[in-house]
Amino acid sequence: MTAPTVVICGATAGVGRATARAFAQAGYAVALVARGERGLMDTRAELEGLGARVLCIAADVADAEAIDQAAARVEAELGPIGVWVNAAMATVFGPIERLSAAEIRRVTEVTYLGAVHGTMAALRHMRARDQGTIVQVGSALSYRAIPLQSAYCAAKFALRGFTDSLRCELIHDNSRVRVTMVQLPAHNTPQFDWARNRMGKRLQPVPPIHTPEVAARAILRAAIEAPRELWLGKASFQAIIGTLFMPGLLDRMMARQAWSGQLTAEDAASDRPDNLYQPVEGLHHTEGRFGEQARDKALGLASETVGKLAVLGGAAIALLAGLIIAWLAD
């Protein structure tokens, strides 16, 4: 039996690389899409050591034509694409007044349009077969924006809207192609050492921090089960549900906590390279520098399950209120 094929965009570091390893261990043939040749070769060697068939494609997800060509090459060399994972991302840390329009555009091209390009490329092949699964790697920041990452938050919000529209269209067409989105908490990845930084201090994820493998397991689960969304980690639940019910309160909380919470006391090196426009060689690792703080477990629930729990909770509250009113009336 031929191994199923997965395409992973943003596959050579952090969550993307951990995800590539998880799919390889699950028996998939893995197509790695990323910009850096060195990162691709290192990741390929790791996956081949696990016995996986691997195809490396150097491409920028911001280039729609390149991603189309990558999809065609995967189909020709590895076989039909069963799963497509959009995990590529870029960000700039800094208040909006310190950002340039070009920086915001680039974050949008990679984090939002890169996922759009990947989705459209996957659909061209999956639609013809009427099967396949597209996994959008989202974030709690797809619902709850925070200071200092306006471009990234906006891109993740946009991706959620695009995905919701696509899901409606697939349902309308009675398509068996599935689309799912995984909303992640903070993870210990190299992004905090190579993201463009306008703050002058070294960056850090807002705790609680999780290992990239926590995200990888959730993404693999989403590819298999295809829930509407998969919410991962306590912080994601708090951010998403809190925003739905108390957005103003969370605005004030983020203003107080998330600004300083993303910065360490250490000065950032002024000559540090960043990966906004080109890869930074030598940092294509799965994990970042926060290993001592990283948790290897997190609760993950499908959004459908969360909705059912909310309904049950509301019903229980209504029943309790009714009993109290009846008791008071006696």
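1. In this predicted model, helix α1 passes helix α2 in a right-handed crossing. The two axes come within 10 Å and cross at roughly 25°. That angle makes α1 roughly parallel to α2, because angles under 35 degrees count as roughly parallel. Helix α2 covers residues 37-48.

2. The contact between these helices involves R17, A20, R21 and A24 on the α1 side, which meet D42, T43, E46 and L47 of α2. Sorted by class, the contact of α1 with α2 has four charged residues, three nonpolar ones and one polar one.

3. Helix α1 (residues 14-25) also meets helix α7 (residues 212-225), and here the axes come within 8 Å and cross at roughly 55°. That makes α1 oblique to α7. The crossing of α1 and α7 is right-handed. From α1, the residues in contact are G14, V15, A18, T19, R21, A22 and F23; from α7 they are P212, E213, A215, A216, I219, L220 and A223. The residues of this contact divide into 10 nonpolar, two polar and two charged. R21 deserves a second look: R21 is listed in the contact with α7, and R21 is also listed in the contact with α2.

4. Next, the sheet. Eight strands form an open sheet with mixed pairing, in the order β3-β2-β1-β4-β6-β7-β12-β14. Which strands stand at the edges? They are β3 (54-58) and β14 (300-302); each has a single partner strand, so one side of each is left without a neighbour in the sheet. On average, and with direction ignored, neighbouring strands of this sheet are turned by 20° against each other.

5. At the β3 end, strand β2 (residues 29-34) runs parallel to β3, and five bridges join the two. Within this pair, V33 has I57 in β3 as its bridge partner. Helix α4 packs on the sheet, where α4 touches β4 (81-86) and β6; the direction of α4 makes about 170° with that of β4. Helix α8 (residues 234-245) packs on the sheet as well, touching β7, β12 (229-232) and β14. The direction of α8 makes about 120° with that of β12.

6. Strand β12 has a partner on each side in the strand order, β7 and β14. How many bridges join β12 to β7, and how many join β12 to β14? With β7 the pairing is parallel, over three bridges; with β14 the strands run antiparallel, and three bridges join them. V182 stands opposite L230 in β12, while W231 stands opposite L301 in β14.

7. In a regular strand the side chains alternate between the two faces of the sheet. For β12, E229 and W231 lie on one side, and L230 and L232 on the other. Are these residues buried or exposed? All four residues are buried, and both faces of β12 are covered. The list includes a charged residue, E229.

8. H117 lies in helix α4 (residues 101-129), the helix that packs against β4 and β6. H117 is buried, with a relative accessible area of 14%; the value counts as buried because the cut-off is under 20%. Leaving aside residues up to four places away in sequence, H117 touches V61, A62, D63, A64 and I67.

9. Two residues other than glycine have a positive phi and are worth checking by eye. L148 has phi near 75° and sits in the loop between β6 (133-139) and α5 (150-172). N174 has phi of about 55° and lies in the loop between α5 and β7 (178-184). Where L148 is buried, with a relative accessible area of 4%, N174 is exposed, with a relative accessible area of 64%.

10. One peptide bond should be noted. P207 and P208 are joined by a cis peptide bond, with omega about 0°. P208 is placed in the loop between β10 (201-203) and β11 (209-210).

Conventions: Residues are numbered from 1 along each chain as its sequence is written. This is a predicted model: local features need pLDDT of at least 70, side-chain atom pairs count only at pLDDT 80 or more; totals for chains, interfaces and linings use all residues. Side-chain values use heavy atoms; hydrogens and water are left out. Buried means under 20% relative accessible area, exposed over 50%, partly exposed in between (1.4 Å probe, protein chains only). Contact means heavy atoms within 4.5 Å. Axes are lines fitted to C-alpha atoms, for helices over the stretch in contact, and angles run from 0 to 180 degrees between N-to-C directions. Angles under 35 degrees count as roughly parallel, over 145 as roughly antiparallel, 65 to 115 as roughly perpendicular and the rest as oblique. A crossing is left-handed if the near helix is turned anticlockwise from the far one by less than a right angle, and right-handed if clockwise. Two strands pair if DSSP finds at least two bridges between them.
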